[in-house]
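Hello,

Here is the structure I promised to pass on to you. Have a look at it first, and then read on for what I found.

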Amino acid sequence: WAQQWGDLPAGWNYGEVAGVEVDRRGHVWVFHRGPHPLIEFDARGTFLRSLLEDMVTRAHTVRVDHEGYLWVVDVGGHVVLKLNSQGRVVMVLGRKGQAGTTKELFDQPADVAVTPSGEIYVADGYGNMRVVKFSKEGKYLLEWGKKGTGPGEFQLVHAVVTDAKGRVYVSDRTNNRIQVFDPNGKYLTEWKGIGAFSGLEMMPDGRLYAAGGARVVVLNLEGQVVETLQGDVRAAHGIAVGPGGEVFVA
């Protein structure tokens, strides 16, 4: 597979590339820890624009929901931001610069998943060992998780995705497993022995792409590795799949 992708403007460089996402047009969004944190490319890798200058403390994840809104997770700023197509922030979950364990505060969140109906799951990940669920309007609904190694417990809630049936898949990275829950946080099962994954991407057909360290794999919904993608990847963190099946790894 290809190596470095995307043509940056002259004099620009990436910081640590933490997240990557592909929207419905095939445009690729790269979220990194540099002075131009969120960069949009067209499907051919041509630079289009950058967003969120001077607004991100430490980039972590970028997602696109079913309505085309961008979601970014600022792990250092303790916030999740929702952006419209013009790049304007239209929703903020958490409070910038404030860490906490309440309904309104996160402690180093890691990821966000948005269902087709608009419900929001936040992997509140490094400081708090929990998943927090919000309504489409951003109203707190429920949460689950605590520190530990048992069912429904976490050591690091690093990635979260949902499937067509509403089940929630959580990469409990430090525990080297993926846990599966129903939409209300009821524990269903867990997949052990498949590795520690930083990034997850759920496909409509039920294939789950997972990236972590030097591994990029495809799982089925029984937690079995059905394909291993080969490439010179050393610290895979985020993953996205384009409309033509192209796989992008941060």
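**Strand pairs and sheets**

Leu200 stands opposite Ala210 in β18. That pair belongs to the contact between β17 and β18, which run antiparallel and are joined by 4 bridges. Before I go further, please keep in mind that this is a predicted model.

β17 and β18 are part of an open sheet of 4 strands, in the order β17-β18-β19-β20, with antiparallel pairing. At its edges are β17 and β20 (225-229), each of which pairs on one side only. From one strand to the next, the twist averages 20°.

There is another open sheet of 4 strands to look at, with the order β5-β6-β7-β8 and again antiparallel pairing. Here β5 (59-64) and β8 are the edge strands; each has a single partner strand, so one side of each is left without a neighbour in the sheet. The twist in this sheet averages 20° from one strand to the next. As a general reminder, strands of a sheet pair through backbone hydrogen bonds, either parallel or antiparallel.

**Two hairpins**

Within the β5-β6-β7-β8 sheet, β7 (residues 79-83) and β8 (residues 89-93) are antiparallel and joined by 4 bridges. If you want to trace the register, Leu83 has Val89 as its bridge partner in β8, and Leu81 has Val92. The two strands make a hairpin with 5 residues between them, and Gly87 in the turn has a positive phi of about 85°.

The other hairpin is made by β15 and β16, with 5 residues between them; in its turn, Gly185 has a positive phi of about 85°. Antiparallel pairing over 5 bridges links β15 to β16 (residues 187-192). Val180 has Thr189 as its bridge partner in β16.

**The nonpolar core**

Which residues touch the most other members of the largest nonpolar core? They are Tyr169, Ile178, Trp191, Phe197, Leu200, Leu208 and Leu219, out of 14 residues in that core. At least two core residues come from each of β13 (157-162), β15 (177-181), β17 (199-202), β18 (208-212) and β19 (215-219). In general, nonpolar side chains tend to be buried together in soluble globular proteins.

Phe197 is a good residue to centre your view on. Leaving aside residues up to four places away in sequence, Phe197 touches Ser171, Arg173, Ile178, Ala210, Ala211, Gly212, Arg215 and Val217. One of these, Ile178, is also among the core residues named above.

**Cavities**

I also looked for enclosed space. There are 2 cavities of 30 Å³ or more, and the largest holds about 110 Å³. Its lining consists of 17 residues, and Thr61, Arg63, Gly199, His237 and Gly238 lie nearest the centre. Two or more lining residues come from each of β1 (17-22), β5, β9 (109-114), β13 and β17. β5 gives the largest share of that lining, with 4 residues. So you will meet β5 twice, because it is an edge strand of its sheet and also lines the largest cavity.

**Three loop residues**

Two residues caught my eye for their backbone angles. In general, most residues other than glycine have a negative phi. Leu52 has a positive phi, near 70°, and sits in the loop between β4 and β5. Is Leu52 buried or exposed? Leu52 has a relative accessible area of 5%, under the 20% cut-off, so it counts as buried.

Asn176 has a positive phi too, near 55°, and belongs to the loop between β14 (168-172) and β15. With a relative accessibility of 40%, Asn176 is partly exposed.

The last residue is Ala43, in the loop between β3 (38-41) and β4 (47-51). Ala43 has a relative accessible area of 52% and is exposed, because the cut-off for that is over 50%. Not counting residues up to four places away in sequence, Ala43 touches Trp5, Gly26 and His27. Between Ala43 and Asp232 there are 22 Å in space, C-alpha to C-alpha, and the two are 189 residues apart in sequence.

Happy browsing, and best wishes

How values were computed:
Residues numbered from 1 in each chain as written. Predicted model: local features only at pLDDT ≥ 70, side-chain atom pairs only at ≥ 80, totals over all residues. Heavy atoms only, no water. Core = buried A, V, L, I, M, F, W, Y, C linked by side-chain atoms within 4.5 Å. Buried < 20%, exposed > 50% of the residue type's maximum accessible area, 1.4 Å probe, protein only. Contact = heavy atoms within 4.5 Å. Pairing = 2+ DSSP bridges. Axes fitted to C-alpha atoms, helices over the stretch in contact; angles between N-to-C directions. 1 Å grid on protein atoms, 1.4 Å probe; cavity = no way out; pocket = protein on both sides within 12 Å on 5 of 7 lines; lining within 4 Å. Points joined across faces, edges and corners; volume = space filled by probe spheres on them.
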